[in-house]
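Here's a friendly walk through one protein model. Take a look at the sequence and the 3D view, then read on.

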Amino acid sequence: MLIMQNSPDLLRHFLFEDKLNQPMPIRGNLVHLNQTFTLATQNQTLPPVLKIALGELMAASALLSATLKMDGAMVLQLQSKGALKLLVVECSHDLHMRATAKWDETLANEMEALSFIELVKHGQFVITLDPSVGEAYQGIVPIEGSTIAEMLQNYMLRSQQIDTSLWLHCDGESASGMLLQKLPNLGKADHLNQDHDAWNRVNILADTVSNNELKSLAPEALLTRLFSEEDVRLFEAKPIQFRCSCSKAKVGNMLRLLGAQEVESILAELGKIEVNCDYCNKQYVFDALDVSHAFSENAVLIDNKTSH
């Protein structure tokens, strides 16, 4: 049995086929994040419950982004008004990812006694699709379910009318996950009508997966273990990596949005403006000359979509 040891961060797509090797309208993705998760969280001091939730959200982001036929990015955000302020993951169509969390650090002791659902019960789930060309689409999802997987499953069914099943796992060191989706009729033949039980059957089989198997088994071994009686076609792996799209130009854009009066007031008080990226912790320093350039008539606002 193949065991993953220090494996690269990869996403694998797979399809179920019938006995004639024709695709059934059920597809899946598998993901494993090791270095990507480490790089995304190495500059953040997070309580275990938030680090695990952020890892699950990263795995979910990769799994769902890979199902989209869109050049651009998917952004998953969990927002709350309690101890947890924000969990956010951005994943591009080419599986470049960044993530961060904001929380009330004065409540660190209380956080240890809270479950994930207690942290988000007064919050909302915001899903943004931001194509490279065209307008962004944002959906606000109520907190329905006790896990990130359940919340996203409910969103996909209610808002997208797509049956989706998710299994997510994070142990604080790596994150992994599996997705199954039922597709519309493929056209040539109604395979679901020929096999009425296919969707229910593969979900029952998938539900036997353990967290340790999601983390440790190579895709070939995992699919064989779960679906030994099914015909599954596994496709080539796609690499995933941490990448932050911050830049000094984008920070300059942010300062322009604050307004010249506010920025000049900060500059007069502190002598410089220091901004740290929430995602990668890179520091940007603006002195009087930098601020003058940012607000000059020749300064061009950089569209965030150029980062995708």
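## A spot at the surface

Let's start with Asn 21, which counts as partly exposed, at 49% relative accessibility. You'll find Asn 21 in the loop between strand 1 and strand 2 (23–33). Keep in mind that this is a predicted model. If you want a feel for distances, jump from Asn 21 to Ile 127: the two are 106 residues apart in sequence, and their C-alpha atoms sit 36 Å apart in space.

## What's inside

Now for the interior. The largest nonpolar core has 58 residues, and the ones touching the most other members are Leu 87, Phe 116, Phe 125 and Leu 152. Helix 2 (residues 48–65) is the top contributor to this core, with 11 residues. There's also a second, separate core of 20 residues, and among them are Val 202, Ala 221, Leu 223 and Leu 226.

Which residues does Phe 116 contact, leaving aside its neighbours within four places in sequence? They are Val 49, Ala 53, Leu 78, Leu 87, Ser 146, Thr 147, Ile 148 and Met 151.

## Helix 2 up close

Helix 2 is worth a second look. Of its 18 residues, 15 are buried, so the rest of the structure largely encloses this helix. Its length works out too: at 1.5 Å a residue, helix 2 should span 26 Å, and its end C-alpha atoms are indeed 26 Å apart.

## Rings that meet

How many aromatic pairs turn up in a search of the whole structure? The search finds 2. One of them joins Phe 14 and Phe 16, edge-to-face, with 5.9 Å from centre to centre and 75 degrees between the planes. Both Phe 14 and Phe 16 are buried.

Phe 16 also pairs with Phe 227: their ring centres are 5.0 Å apart and their planes are at 85 degrees, so this pair is edge-to-face. Here the pair ties together distant parts of the chain, since Phe 16 is in strand 1 (residues 10–17) while Phe 227 is in the loop between helix 9 (219–226) and strand 10 (231–234), 211 residues apart. Phe 227 is buried, and so is Phe 16. Put the ring pairs together and you get a cluster of Phe 14, Phe 16 and Phe 227.

Two rings have a charged partner over the face. Arg 98 lies over the face of Tyr 279, 3.9 Å from the ring centre, and Lys 248 lies over the face of Phe 286, 5.0 Å from the ring centre.

## Cysteines without bonds

The disulfide count comes to 0. Why is Cys 277 not bonded to Cys 244? The cut-off for the two sulfurs is 2.5 Å, and the sulfur of Cys 277 is 3.5 Å from the one in Cys 244, its closest cysteine sulfur, so that's too far for a bond. Cys 277 counts as buried, at 11% relative accessibility.

Cys 170 is buried as well, with a relative accessible area of 5%. The closest cysteine sulfur to that of Cys 170 is in Cys 91, and at 16 Å it is too far for a bond.

## Unusual backbone angles

Most residues other than glycine have a negative phi. Leu 95, though, has a positive phi near 65 degrees. Leu 95 lies in the loop between strand 4 (84–92) and strand 5 (96–103), and it is buried, with a relative accessible area of 4%.

Asn 281 has a positive phi too, near 70 degrees. Its place is in the loop between strand 13 (273–276) and strand 14 (283–286). Is Asn 281 buried or partly exposed? At 40% relative accessibility, Asn 281 counts as partly exposed.

Definitions and conventions
Residues are numbered from 1 along each chain as its sequence is written. This is a predicted model: local features need pLDDT of at least 70, side-chain atom pairs count only at pLDDT 80 or more; totals for chains, interfaces and linings use all residues. Side-chain values use heavy atoms; hydrogens and water are left out. A nonpolar core is a set of buried Ala, Val, Leu, Ile, Met, Phe, Trp, Tyr and Cys residues joined through side-chain atoms within 4.5 Å. Buried means under 20% relative accessible area, exposed over 50%, partly exposed in between (1.4 Å probe, protein chains only). Helices (H or I, at least four residues) and strands (E, at least two) are DSSP runs, numbered from the N terminus. Contact means heavy atoms within 4.5 Å. The expected span of a helix is 1.5 Å times one less than its number of residues. Rings of Phe, Tyr and Trp (its six-membered ring) pair if their centres lie within 6.5 Å; planes under 30 degrees apart count as stacked, over 60 as edge-to-face and the rest as tilted. A charge sits over a ring if NZ of Lys or CZ of Arg is within 6 Å of the ring centre and within 35 degrees of the ring normal.
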